[in-house]
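User: I have a chain open on my screen and would love to talk through it with you. Could you help me read it piece by piece?

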Amino acid sequence: MTITLDMINVRSYGPLRKDLSLQLGQFNLIYGGNERGKTLIVEFLLRSLFESTGSWELRDVPLEGSVIVSGTDIRGTFSPRARTKLDTMLLEQAPGLPRNIARLLVVKGAELAFIQGRKNGINRTILKDYLSGTGTLDTIENRISPTLKSSSIDQSRILGPKRGEIKRSDELEASLTSFDKILEDLDSQYSGAKRARIREEIGTVKQKLQNLEHARRHQAYQLAQQINAQNERLSHYPEETLLNLNNRLNDYHNLQKAIAENREKTSGLEGDIDQTRWLRFAVSQLESWPELKPEKPRPFLLPAAGAALITAIVFLFLEIPLAVLASVLSAVFFTVLYILRLQKSANAAVRQDQYLKILREFRSRFPDHKSDLASMKAALEKLQINFYAFEQLSSNLIQQQQSLQQLEQQIQIAFSRLECPSTRPEEWSNKLAELRSTRRNLEKRVHSLELELTSLNIKPDGYLPEDPGLTFSHSDLDACRAELEILEKERISTEAEFQSLKQQICIVTQDDISTPWEQVIQNLLLLRRETAREYRAVVSDAAGKIILFNTINNLRVQEDEKILQALQDRSILDPLWQITGRYDSLELEDDHLFVSGPHAHFRLSDLSSGAQEQVLLALRLGLASRLFAGQPAFFILDDAFQHADWQRRERLLQEIIRIAKSGWQITYFSMDEHIRELFTLLGKKAFKKDFRYFELSDS
């Protein structure tokens with residue numbers, strides 16, 4: 001049955017300075033700061049839509065207005081004053097729904113728990129209400145007294161606490177025994193042989209009681225020894241060490257994942273790194289070599305050198321030494337100058353060839369760029385971003401690998417201390433799970449032994465190491481004590497020289513002592529028959545209720561199996577994985593809910609408050625989807641994410657958006673600016689016109 005809230009009309013009251021009319025869409029955000037009326041609107045919705053609101057402490061304020069609801073099978077207008085509420089109509093159409101449906105569809109004040117004030121907000125009773133769809137067993141069980149619930153039938157006897165029906169049946173049975181005893185006394189007239197027999201039986205029972213007491217003290221000694229041995233084994237698996245090892249394993253796997261991601265990133269950048277290094281070299285070369293053109297030496301230099309040399313020869317024949325020297329120096333000067341010019345031209349040609357070679361290489365490496373220094377610098381500037389990223393990733397990768405090696409050594413040391421020295425990394429998770437399972441089994445064994453030891457009620461100084469050769473049994477002890485009590489009473493009554501038999505019978509039958517014997521005996525027999533009839537009725541009724549209670553317990557086992565099967569339903573597990581990103585299975589052990597993932601197994605109450613909120617929100621979404629058989633309805637969330645950190649908020653919001661896209665209407669009330677920004681950004685993108693934003697003002 002599809003159900004949506006179409007319109008909210010609230011009359012002005014308190015912080016609401018004017019009447020408010022909200023036309024809702026598929027995805028709604030109602031934002032308002034303190035004292036703007038946000039809480040008032042939420043309480044107005046609760047009073048208008050739901051009959052069962054006792055789990056919330058709502059203020060007694062005169063709210064007026066209406067909520068228009070539409071759906072496949074339900075259409076109508078609801079208000080705080082209306083007698084018929086939405087949850088009542090839903091229960092009439094779908095009797096299998098839980099009565100407190102409001103707790104599932106509404107989160108008020110970030111209270112994600114299904115039971116207000118409960119630490120983890122969920123227990124077997126809540127899951128039973130939302131998953132098994134029946135409360136009949138509880139109704140029947142409530143009609144059975146606590147006394148009979150803790151009783152059992154042993155052959156033809158009812159064993160249990162000495163109160164209520166059991167006490168009454170024991171009283172009637174004692175009365176019958178008393179009647180039979182009186183009748184036996186009438187028959188035997190309290191012969192002396194009977195008293196001797198009673199004394200002998202009392203001695204036998206006392207000896208048996210003493211032997212049982214020795215057996216109890218010896219059993220207490222054995223249990224204490226077993227507890228010490230189990231505690232010694234338990235000390236080899238410290239809880240804190242296992243928890244720290246689990247955290248390090250999580251860090252190890254996360255670090256491995258980060259290293260793999262960094263390696264993948266660096267491998268994708270290696271091609272750009274080679275190009276960047278070549279460009280750096282090429283740009284530095286071109287910047288140091290301006291573009292040169294080879295110049296040939298001046299043509300007059302060699303002739304000038306030759307003329308100077310001829311002049312020197314002429315002056316030599318004329319024997320003018322100074323002129324010869326000047327001419328030789330001139331010839332040398334022009335020759336050297338020519339050689340230098342020739343060498344410069346050769347160097348310029350080489351550099352020009354290298355310059356062009358670099359430009360050709362650039363054109364082959366970067367065919368989409370021009371072959372000039374400016375284009376090379378532009379390409380280098382673009383590639384250097386990836387180069388710096390590569391250097392940073394490489395540095396991070398080295399640090400991560402060092403951290404991984406250190407963490408691996410720490411984990412190996414931790415396993416060595418836990419007597420697992422040769423564990424390989426791929427076996428760590430399984431080995432840790434095995435160790436934690438071993439510790440849990442040891443704890444359960446110690447707890448069981450301690451309960452058994454406590455039931456013996458023996459102090460340590462009363463332990464008996466010697467074996468008396470007898471196995472202790474509570475039932476044997478109780479039976480002996482009861483037998484001794486009866487024998488002692490019988491002995492006292494026999495040894496005290498009872499009043500006359502007639503006087504005893506008259507006390508029972510309330511006859512006058514002057515009543516004839518025949519009438520007294522007849523009255524005694526009549527009273528016994530009436531007592532026997534009442535005894536049979538009481539025992540029969542008690543036995544029937546005990547059998548019924550045992551049958552209910554057997555049915556509860558089947559009911560628990562249904563709950564366990566329902567917890568594995570994808571409609572519940574999918575939101576759990578989507579929201580937490582860590583847990584993908586649920587288990588119910590005793591009255592505790594456990595969540596598990598690939599590398600974690602925690603009791604819900606042991607998780608942080610933020611993680612608990614994620615799990616409870618996922619349960620809420622999954623249970624609602626399952627209860628409504630895939631037909632969408634609506635959720636009212638009053639700052640349900642305000643305790644979550646900012647990273648979790650976006651994950652939670654993404655899951656809420658996914659639920660809304662499947663057809664569920666979401667109406668979120670918030671006073672948190674960050675949540676408003678997230679809702680506005682992601683809500684508009686996901687729902688466009690179906691996203692409605694309302695802001696409560698103080699005017």
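**Salt bridges, cores and surface**

User: Happy to start with charged pairs: which residue's side chain meets that of K431 in a salt bridge?
Analyst: Do keep in mind that this is a predicted model. The two side chains come to 3.5 Å, N to O, and both residues sit in helix 13 (residues 428-456), 3 residues apart, about one turn of the helix. An α-helix has 3.6 residues a turn, so residues three or four places apart point the same way. The partner of K431 is E434.

User: Is K431 buried, partly exposed or exposed?
Analyst: The cut-offs help here: buried means under 20% relative accessible area and exposed over 50%, with partly exposed in between. K431 has a relative accessibility of 22%, and its partner E434, at 44%, counts as partly exposed. With its 22%, K431 counts as partly exposed.

User: Which helix holds both E485 and K489?
Analyst: These two side chains also meet in a salt bridge, at 3.4 Å, N to O. E485 is partly exposed with a relative accessible area of 44%, while K489 counts as exposed at 54%. They are 4 residues apart, about one turn, in helix 14.

User: How many residues apart are R649 and D672?
Analyst: R649 forms a salt bridge with D672, and the closest N and O atoms are 3.0 Å apart. R649 is buried, and so is D672. The pair links distant parts of the chain, with R649 in helix 19 (residues 646-661) and D672 in the loop between strand 13 (665-670) and helix 20 (673-687); their separation is 23 residues.

User: How many salt bridges are there in the whole structure?
Analyst: Besides pairs, there is a network of salt bridges that links R11, D19, E64 and R81. Side chains of opposite charge can pair when their charged atoms come close. A search of the whole structure gives a total of 16.

User: Let's turn to the inside. Which helix gives the most residues to the largest nonpolar core?
Analyst: That core has 87 residues, and F27, L49, L586, F634, F635 and F641 are those with the most contacts inside it. The helix that gives the most to this core spans residues 609-627 and supplies 10 residues, and that is helix 18.

User: Which residues of helix 17 does L586 touch?
Analyst: Leaving out residues up to four places away in sequence, the contacts of L586 include L567, Q568, L593, F594, V595 and L619. Helix 17 covers residues 570-580. Within that range, L586 touches I572, L573 and L576.

User: How wide an arc do the buried residues of helix 17 cover around the axis?
Analyst: The buried residues are I572, L573, P575, L576, I579 and T580. They lie on the same side of helix 17, because around the axis they cover an arc of only 165°.

User: What residue follows helix 17?
Analyst: The residue after this helix has a positive phi, near 65°. The residue is G581.

User: Where is C420, and is C420 buried or exposed?
Analyst: C420 is in the loop between helix 12 (373-417) and helix 13. Not counting residues up to four places away in sequence, C420 touches Q412, F415, K431 and L435. At 10% relative accessibility, C420 counts as buried.

User: What is the relative accessible area of S66?
Analyst: S66 belongs to strand 4 (residues 65-71). Its contacts, beyond residues up to four places away in sequence, are M7, I8, N9, F44, T77, F78 and S79. S66 is buried, and its relative accessible area is 16%.

User: And on the surface, how much accessible area does the nonpolar patch with I320 have?
Analyst: I320 is in the loop between helix 10 (301-317) and helix 11 (321-365), and is partly exposed at 35% relative accessible area. I310, V314, L318 and I320 form the patch, and together they have about 360 Å².

User: Lastly, what share of the chain is made up of buried residues?
Analyst: The chain has 20 helices and 14 strands, and exposes about 39100 Å², with carbon and sulfur atoms supplying 51% of it. Of the 699 residues, the buried share is 41%.

Conventions:
Residues are numbered from 1 along each chain as its sequence is written. This is a predicted model: local features need pLDDT of at least 70, side-chain atom pairs count only at pLDDT 80 or more; totals for chains, interfaces and linings use all residues. Side-chain values use heavy atoms; hydrogens and water are left out. Buried means under 20% relative accessible area, exposed over 50%, partly exposed in between (1.4 Å probe, protein chains only). Helices (H or I, at least four residues) and strands (E, at least two) are DSSP runs, numbered from the N terminus. The arc is that of the directions from the helix axis to the C-beta atoms. Patches are made of residues with over 30% relative accessible area and no salt bridge: like charges are joined within 9 Å, nonpolar side chains (Val, Leu, Ile, Met, Phe, Trp, Tyr) within 5 Å. Accessible areas come from the Shrake-Rupley method with a 1.4 Å probe; for residues, only the protein chains shown count as cover. A salt bridge is a side-chain nitrogen of Lys or Arg within 4 Å of a carboxyl oxygen of Asp or Glu. A nonpolar core is a set of buried Ala, Val, Leu, Ile, Met, Phe, Trp, Tyr and Cys residues joined through side-chain atoms within 4.5 Å. Contact means heavy atoms within 4.5 Å.
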